[in-house]
Amino acid sequence: MEQRIELAPNCSLTTAGAMIFFGSICLFSLVFAVFFVLQGFWPVLVFWALEMLALGAALLASMRRGKYTQTLLITDSQISLVTRTRQGAQKQEFARHWAKVRLRSPPRRHGTSRLTIESHGRVYEVGSFLTEEDRTRLARRLRYLVGGMNESPPLEIDRT
Amino acid sequence: MAQSHASDAAHHDDHHDQPATGIKRWLFATNHKDIGTMYLVFSLIMFFIGGAMAMLIRAELFQPGLQLMQPEFFNQLTTNHALVMIFGAVMPAFVGLANWMVPLQVGAPDMALPRMNNFSFWILPFAFTLLLGTFFVPGGAAAGGWTLYPPLSLQTGDSFPMLIFAIHMMGISSIMGAINVIVTIMNMRAPGMTLLKMPLFAWSWLITAYLLIAVMPVLAGSVTMLLTDHFFKTSFFNAAGGGDPIMFEHIFWFFGHPEVYIMILPAFGIISEILPTFSRKPLFGATSMIYAIASIAFLSFIVWGHHMFADGMPVAAQLFYMMSTMLIAVPTGVKVFNWTATMWRGSLSFEPPMLFAIAFLFLFSIGGFSGLMLAIVPADFQYNQTYFVVAHFHYVLVPGAIFGIMAGVYYWLPKWTGHMYSMALAKTHFWLSAIFINVLFFPQHFLGLAGMPRRIPDYAVQFTDWNMVSSIGGFAFGLSQVLFAIVIVQCIRGGKKASAKVWEGTNPTGLEWTLPSPAPYHSFSTAPEIH
């Protein structure tokens, strides 16, 4: 018996699609900027470059979120957390019996909460990209599946 | 915030994290609804400030002679009325509507870059404090018209750098808003929400964002060159140093004409949402509407010369700009006919959003027709710098952009607040607005055709009667907008509970109508299914 939870941000744009989109918008606006540079009005090009930099950074930030996924596999004895980023995958394993799920309140009023799995002094964050609502719901579910420290509730019944 | 979904069974509960309270909720807001609300409130305040300037202008023009102010101050008012209305009222209102509605319509939990969203809003109050502050510095505010043509604009007093900095800040805010919309639509659409399935409002904003991104560097570059000409002795537009002041007009209108469409395309999207709902029919030719918006956007880049016929240009250029300008009538005609066909044999009802949408259709068309007249080169030589031009662009921007915004607010307000507003008050607001906008602007066609120049505080006595009529219309139109504010405040404070669908007996399309009213603080915690 095992429970598997996949966490992934929704991205409607593929990497190739993002590159095509960004390239086309750069080219489209560059045509106008170059036209004015040829007339001697070079400051337009500076602002074009700044704007494209901002657009590129925004797109990159949005796309990077899509690369960050987490898989939680909870078995009778173990919890494994696989975190995939652009750099590759990292796997963490915890003994289910000794692990504990904690939802830490935001450090300040307008911050975000942090959901962690902790055991033997190791602390790993789960679902940092989720909305507050999703994170709270995930915390509830994990607490049910993992139980408290020194607990191993049965996995087959899910009453959450 | 990234939209997320868990592959295990989703267990819905009623928990929603609540927004912080007090001023910090607004200062540090990253939620698209909070930021959308702030944009809309800011825009309403600027609408009244710009409107107050218009009232002063119309009071001075009520009769010939100088009554209330010196000509310099009159020119400061006309210049800043335009800047406030364009950059402070209309554009932020559309960005506010986009903030509220685009994530709801595409099924995203929020805008793609919430912190940037906060920053792009909070730039605006500083920008407009700076702009309005120019009235209080030696030499007064800018008085050379919102187009800032040199060398006249370079004669502005100490306020000149404040003006340029304020315009830069408005531009930065607009660009950040556009980037956020474009990234949200491209990367955060719910699974199954293909581009062609997107509602027309989201589509119109996507195209508007493209326009903004393409033209804003041109505006930023042009005003920066004005600044360097003024303070650093460059000669981009200084004929004595080898520059060309006419080239500023080319650069400015290369930005300025698409800017007109930036202010009208989102209104097209709003109208395309409202007419089908209250006609109880699907939008006629929905795909052709998207292509028409895209065509208008494309054409907006190649027509700027029509603002400068009277400057002098080769006949071939005059013909090109005349023809290309007239060509815009084709996609615009497609839209007007599609909207009409949507209503044709529909089961119409006339709630406030529908009333504003129908008024938009009639009155915007009048602005479109006078635009066609202005596109004709020899006719433009006559109309140029007269009140006919003032009448034309006000018919485009007030019943076009502003009625579009009001239609949108009346359409979605119950979704935002969870309450229905007073239909009687809203309809009164509509009828007063629709009647007095014509009393205000239609006589200006006659004044222009009779030769009354624009941007003057005094005029020949033969123009008196129509100016009086226009001013009366202006005061009545201005006062009737107080009703708009009352309706909104009342609706926020309470009222009959609105259902999720809001408009009972209709079948509004779009994901926003699947959410309860008011829309929860976080909209889509799991990705909605699109069929």
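**Exercise 1. The hairpin and its sheet**

Work out how β6(A) and β7(A) are connected, and then place the two strands in the sheet to which they belong.

Solution. Begin at the turn: in this predicted model, β6(A) and β7(A) make up a hairpin in which two residues lie between the strands, and His120(A), situated in the turn, has a positive phi of about 50 degrees. Next, follow the pairing along the hairpin, where strand β6, residues 114-119 of chain A, runs antiparallel to β7(A) and is joined to it by five bridges. As an example of a facing pair, Leu115(A) stands opposite Val126(A) in β7(A).

Then turn to the other neighbour: β5(A) and β6(A) are likewise antiparallel and are joined by five bridges, with Arg102(A) standing opposite Thr116(A) in β6(A). Put together, the three strands give an open antiparallel sheet of chain A in the order β5-β6-β7. Because β5 (100-104) and β7 (122-126) of chain A each have a single partner strand, they stand at the edges, and one side of each is left without a neighbour in the sheet. On average, and ignoring direction, neighbouring strands of this sheet are turned by 30 degrees against each other.

**Exercise 2. The layout of chain A**

Describe how chain A is divided into domains, and which order its helices and strands follow along the sequence.

Solution. Start with the elements, of which chain A has three helices and seven strands, arranged along the sequence as β-α-α-β-β-β-β-β-β-α. Domain 1 of chain A takes in residues 2-8 together with 68-146, whereas domain 2 covers 15-66. The centres of the two domains of chain A, taken over C-alpha atoms, are separated by 38 Å.

Finally, consider the chain as a whole: 31% of the 160 residues of chain A count as buried, and, among contacts in chain A with a separation of 6 or more, 45% are between residues 24 or more positions apart.

**Exercise 3. The surroundings of Gln78(A)**

Decide whether Gln78(A) is buried, partly exposed or exposed, and list its contacts beyond its sequence neighbours.

Solution. First locate the residue, which lies in strand β3, residues 78-85 of chain A. The count of other C-beta atoms within 10 Å is 14, and Gln78(A) is therefore partly exposed, since a residue is buried at 20 or more and exposed at 12 or fewer. When neighbours within four places in sequence are left aside, Gln78(A) is in contact with Glu93(A), Phe94(A), Ala95(A) and Arg96(A). Glu2(A) is 76 residues from Gln78(A) in sequence, yet their C-alpha atoms are 9.5 Å apart in space.

**Exercise 4. The nonpolar cores**

Identify the element that gives the most residues to the largest nonpolar core, and examine one of the core's best-connected members.

Solution. The largest nonpolar core holds 188 residues, and those touching the most other members include Val90(B), Ile213(B), Phe356(B) and Ala407(B). Helix α6, residues 200-231 of chain B, gives the most to this core, with 22 residues. Now take Ile213(B): apart from residues up to four places away in sequence, Ile213(B) touches Ile25(A), Ser29(A), Glu51(A) and Leu55(A) of chain A, as well as Ile175(B) and Ala178(B) of chain B. A second, separate core has 17 residues, among them Leu7(A), Leu81(A), Ala99(A) and Ile117(A).

**Exercise 5. Backbone and helix geometry in chain B**

Compare the settings of Leu148(B) and Gln385(B), find the cis peptide bond at Pro151(B), and classify the crossing of α12(B) and α15(B).

Solution. Phi of Leu148(B) is near 55 degrees, and that of Gln385(B) is near 60 degrees, positive values in residues other than glycine. Leu148(B), in the loop between α4 and α5 of chain B, is buried, with 23 other C-beta atoms within 10 Å. Gln385(B), in the loop between α13 (377-383) and α14 (387-417) of chain B, is partly exposed, with 13 such atoms. The cis bond runs from Pro150(B) to Pro151(B), with omega near 5 degrees, and Pro151(B) lies in the loop between α4 (114-133) and α5 (160-187) of chain B.

For the helices, the axes of α12 (352-375) and α15 (423-449) of chain B come within 10 Å and cross at roughly 10 degrees. Angles under 35 degrees count as roughly parallel, and α12(B) and α15(B) are therefore roughly parallel to each other. Residues making the contact include Phe356(B) and Leu363(B) of α12(B), and Phe430(B) and Ile437(B) of α15(B).

Note on methods. Residues numbered from 1 in each chain as written. Chains lettered and ligands numbered in written order. Predicted model: local features only at pLDDT ≥ 70, side-chain atom pairs only at ≥ 80, totals over all residues. Domains from an automatic or database assignment. Helix = DSSP H or I, 4+ residues; strand = E, 2+ residues; numbered from the N terminus. Contact = placed C-beta atoms within 7 Å. Pairing = 2+ DSSP bridges. Axes fitted to C-alpha atoms, helices over the stretch in contact; angles between N-to-C directions. Core = buried A, V, L, I, M, F, W, Y, C linked by C-beta atoms within 7 Å. Parallel < 35°, antiparallel > 145°, perpendicular 65-115°, else oblique.
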